[in-house]
Amino acid sequence: MRRRLFLLLFAAFALKAALLARFDAHPLLQPTGGMDSGVYARLAADVARGDVLLRGPGPVPYFVSPLYIYFLAAVHALSGGSLLAAKVVQIALGTAAVGLVWGMTRRFFDDRAALVAGILYALTGVVSFHEILILQAALDPFLTALFLYLIAVGLTEGGVSSKVWVAAGAAGGLLALNRPNALLCVAAVAVALAVGRARPAVALLVGTAAIVALPLARNLIVSGEPVLISSHGGLNFLVGNGPGANGVYRAIPGITPDIGGQSADTKRLAEAEEGRPLTTREVSAHFARKAWAWIRSEPGAAVALFAKKVRFVLSGDEAPLNFSFPWYRERSLALKLLCVGPGLLVPLAGAGFVLAFFATSAAPRRALLVWAVFVPAYVLAVAAFFVATRYRLPLLVALAPLGGAAVARLPEAWRAKGARLGAAVA
């Protein structure tokens, strides 16, 4: 089995390297201007030059998720500012994520399911595409896989020490520093874990808190404001909820639709509407209140919009933000070969969960339930704001093990032709 794993990882890295060679110099993928890639590259260069706390932009909390800034800065310092080096590290981490998917699947199921899950995940093109970009989404797959793998270790090893749960919490905290709404997923897993096992849940939250305390401390030191991670949550909530919201990104009138413009325009617009100076937290709260006011005034429309966003998260439809994966897929044979996506993983994962749930005893069933809580929690965490293709990457990591279980268990269920098969097909 180790030989198969080695071949899988070798093939995954080779495919990612081929994508990197194809698109590294593409003029539309260069990190310039005020879009996400350009802003992250500039902030990372500032950190590498010595502005570790990023005081340069002013005494303000982080406006964007901070982890990727420091990842880029570390590679920048070690490689003399090479963005290609950062992309190579990203595809190496992406390859490691394939191994982690294999490992967590093997803990819950068997070798065959693990191999299938690894292949499905390695062939998920939208993941590999984002790993070759200068974009914070490039780290999401690895961080998600690390978090879910450590949770799987804690759930499947009897008498595991609290250190594993603290490490899992730390991995969840790192994911939140890159994708702040993932904090909701860490909390959901902790709640599910606490039903009968309070100590591991506390250790998990301790590990998360230790990591999340870092940006909180920086925000307090630099700005004096206790912003937990970053300050753009209120604006993003209004983007996804309010008059004119359609489930995906939309421009808010008066706010430039890029990070550079948003960080300045949100304060200017909020202060003009409030008629007084506002702190960064008050600016974010201003936009959040506008979204909540619409939800209260149009509850039916808000529920319908939320259902639409849930469907977007789970569907095979694409919602590009900055970069259009379908456009690049049409121009790359390698991306066409990486043909797995949510349109396949979502139904396979549903079938795999049903087949596994009804085929296991009480203890393994509970472990699977706790681990799988991540899936609905992440769907809801994305749908609460707005949907973009790159925001779905953590979900695809969690779906691959269940998809592998489906492929491995369907033949047996077909031969049995019992209620499990009908439920799995449904």
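**Close-up views of helix packing and salt bridges**

**View 1. Helices α12 and α13 pack at an angle of about 70°, and their axes are 9 Å apart.** Everything shown here comes from a predicted model. Two packed helices are described by the angle between their axes and the distance between the axes. Because angles from 65 to 115 degrees count as roughly perpendicular, α12 and α13 are roughly perpendicular to each other. The crossing of α12 past α13 is left-handed.

**View 2. Here are the residues that make the contact between α12 and α13.** From α12 come Thr266, Lys267, Leu269, Ala270, Glu273 and Glu274. On the α13 side, look for Val283, His286, Phe287, Arg289 and Lys290. What kinds of residue meet in the contact of α12 with α13? By class, there are 5 charged, 4 nonpolar and 2 polar residues.

**View 3. Arg289 and Glu274 form a salt bridge, with their closest N and O atoms 2.7 Å apart.** Arg289 sits in helix α13 (residues 280-297) and Glu274 in helix α12 (residues 259-274), so this pair ties together parts that are 15 residues apart in sequence. You have already met both residues in the contact of the two helices. Are they buried or exposed? Each falls in between: Arg289 is partly exposed, at 43% relative accessible area, and Glu274 is also partly exposed, at 29% relative accessibility.

**View 4. Glu274 also forms a salt bridge with Arg276.** In this pair, the closest N and O atoms are 4.0 Å apart. Arg276 has a relative accessibility of 39%, so it counts as partly exposed. Which residues share a network of salt bridges? Follow the links and you will find Glu274, Arg276, Glu282 and Arg289.

**View 5. Now turn to another part of the model, where the side chains of Glu131 and Lys16 meet in a salt bridge.** The N to O distance is 2.6 Å. Why does this pair tie together parts that are 115 residues apart in sequence? Lys16 belongs to helix α1 (residues 2-23), while Glu131 lies in the loop between α6 (125-130) and α7 (140-156), so the salt bridge joins those two places. Both Glu131 and Lys16 are buried. By contrast, Glu274 is partly exposed. How many salt bridges does the structure hold? The total is 14, with the pairs in these views among them.

Definitions and conventions: Residues are numbered from 1 along each chain as its sequence is written. This is a predicted model: local features need pLDDT of at least 70, side-chain atom pairs count only at pLDDT 80 or more; totals for chains, interfaces and linings use all residues. Side-chain values use heavy atoms; hydrogens and water are left out. Helices (H or I, at least four residues) and strands (E, at least two) are DSSP runs, numbered from the N terminus. Buried means under 20% relative accessible area, exposed over 50%, partly exposed in between (1.4 Å probe, protein chains only). Axes are lines fitted to C-alpha atoms, for helices over the stretch in contact, and angles run from 0 to 180 degrees between N-to-C directions. Angles under 35 degrees count as roughly parallel, over 145 as roughly antiparallel, 65 to 115 as roughly perpendicular and the rest as oblique. A crossing is left-handed if the near helix is turned anticlockwise from the far one by less than a right angle, and right-handed if clockwise. Contact means heavy atoms within 4.5 Å. Ala, Val, Leu, Ile, Met, Phe, Trp, Tyr, Cys and Pro count as nonpolar, Asp, Glu, Lys and Arg as charged, and the others, Gly among them, as polar.
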